[in-house]
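Please work through the following exercises with the sequence and the model open beside you. Each task is followed by a solution that goes step by step.

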Amino acid sequence: MSVTQQQVLDALARVKSPRGVALTNANVLSPIAVNDGKVFFSINVDAAEARAWEDVRATAERAVRALPGVSSAMIALTAERKPGTAPQAPRPGVAPAASHRPPHNPAGSPMARQAEIAGVAAVIAVASGKGGVGKSTTALNLALGLKALGLKVGLLDADIYGPSVPRLTGIREKPELNDERKMIPIERFGLSIMSIGFLVEEDTAMIWRGPMVMSAITQMLRDVAWGELDVLVVDMPPGTGDAQLTLAQNVPLKGAVIISTPQDLSLIDARRGLAMFRKVNVPVLGIIENMSYFQCPHCGTRSDIFGHGGARHEAERLGVPFLGEVPLHMAIRETSDAGNPVVVSEPDGPHAAIYRSIASEVRDQLRAAMTTA
Ligand SMILES: Nc1ncnc2c1ncn2[C@@H]1O[C@H](COP(=O)(O)OP(=O)(O)OP(=O)(O)O)[C@@H](O)[C@H]1O
Ligand SMILES: [Mg+2]
């Protein structure tokens, strides 16, 4: 028996806003997505009232979870500034739904702003200034490379605009809930994996506003039973806008890895990414050049179609480590798109070796960042 949208609305009608109005009449609800027992929607309120609404969010979530036929409910509190209010420098004021923090946080380490995730030793972001540079492919193969080094690794697809981890891993099943009603990540290739793409259909159009992104991702970080992990690799949404900045600021990151292609344009974006992480005091572990050079699958000849070496040069110029280069190769594209990443499908091949070597660089940089932090 599956729950209907109307049943969800009926339950929400019994939940009151801070002003005592029924939630369904408070003009704050996003459309309600109900999919196979999974319920997902957001409550959109003014930033100034966010704190008062957190209890309402929690009550609403309990009410929906209590409905028969609901296997999980994810309700995001999204708080927006009224149009016209001046945007401020990065600030912790817009509190994500799942984690209220004291209003005054010491500046400095992002650790001070966001509690760590129990059991997870280090969260690292894989980011790119622009889309389509191979961020997700690299994040997954990097995670697999770290696992091959003997680490216990998780992968969080935080690219909620275009979650591609379901495709890259071939995962079709939906996460189940444990006794504490936390989602159990899907185990595949020895990684613990979570993606919003597991909860909604791939072609569901999702329009996210900045604070909503944070709220959804916070829940994926904290309402998931990650267990004991050495590293949790986060595939970030592409870009360096407000949403990404808030994310970089609110997720307890131990470091960030930037993916770039060698072209100038991509490098400019990579530079923005770097500046963004520096702004929020997240150590940049280094830059990976993806699609660095083209390797012909037939004759093995190499051509530098994008002007190979741009990212290495840029990394030197910016004083951040260069972590390695990944060629543009059919085998990487085909295995990725078939849900069978190259590090596991061709573990003895040259590409797997490249990703493992990059992973070992990343591990070393991460260790260094964690000992100096
Ligand atoms: N080194 C590579 N060689 C060949 N193909 C690659 C390589 N890296 C990524 N690709 C391919 O490029 C496409 C885009 O890669 P991917 O989805 O990883 O990029 P992305 O930066 O995460 O994109 P988005 O911004 O859409 O999230 C995919 O089809 C992928 O298989
Ligand atoms: Mg992607």
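**Exercise 1: one helix and its cover**

Task: state which elements cover the buried residues of α1, and where on the helix those residues sit.

Solution. The cover over the buried residues of α1 includes β1 (33–35), β2 (38–46) and α2 (50–65), where contact means heavy atoms within 4.5 Å, and helices (H or I, at least four residues) and strands (E, at least two) are DSSP runs numbered from the N terminus. Within α1 (residues 5–13), the residues Val8, Ala11 and Leu12 are buried, that is, under 20% relative accessible area with a 1.4 Å probe and protein chains only. Because they cover an arc of only 100 degrees around the axis, they lie on the same side of α1, the arc being that of the directions from the helix axis to the C-beta atoms.

This is a predicted model, in which local features need pLDDT of at least 70 and side-chain atom pairs count only at pLDDT 80 or more, whereas totals for chains, interfaces and linings use all residues. Residues are numbered from 1 along each chain as its sequence is written, chains are lettered from A and ligands numbered from 1 in the order in which they are written, and side-chain values use heavy atoms, with hydrogens and water left out.

**Exercise 2: polar contacts of the ligand**

Task: find which polar side-chain atoms lie by ligand 1.

Solution. A polar side-chain atom of Ser136 is 2.8 Å from an oxygen atom of ligand 1, and one of Asn290 is 2.9 Å from a nitrogen atom of ligand 1; a polar contact is a pair of N or O atoms within 3.5 Å.

Methods: Polar contact = N/O pair within 3.5 Å; in protein donor to acceptor, adjacent residues only side chain to side chain. Buried < 20%, exposed > 50% of the residue type's maximum accessible area, 1.4 Å probe, protein only.
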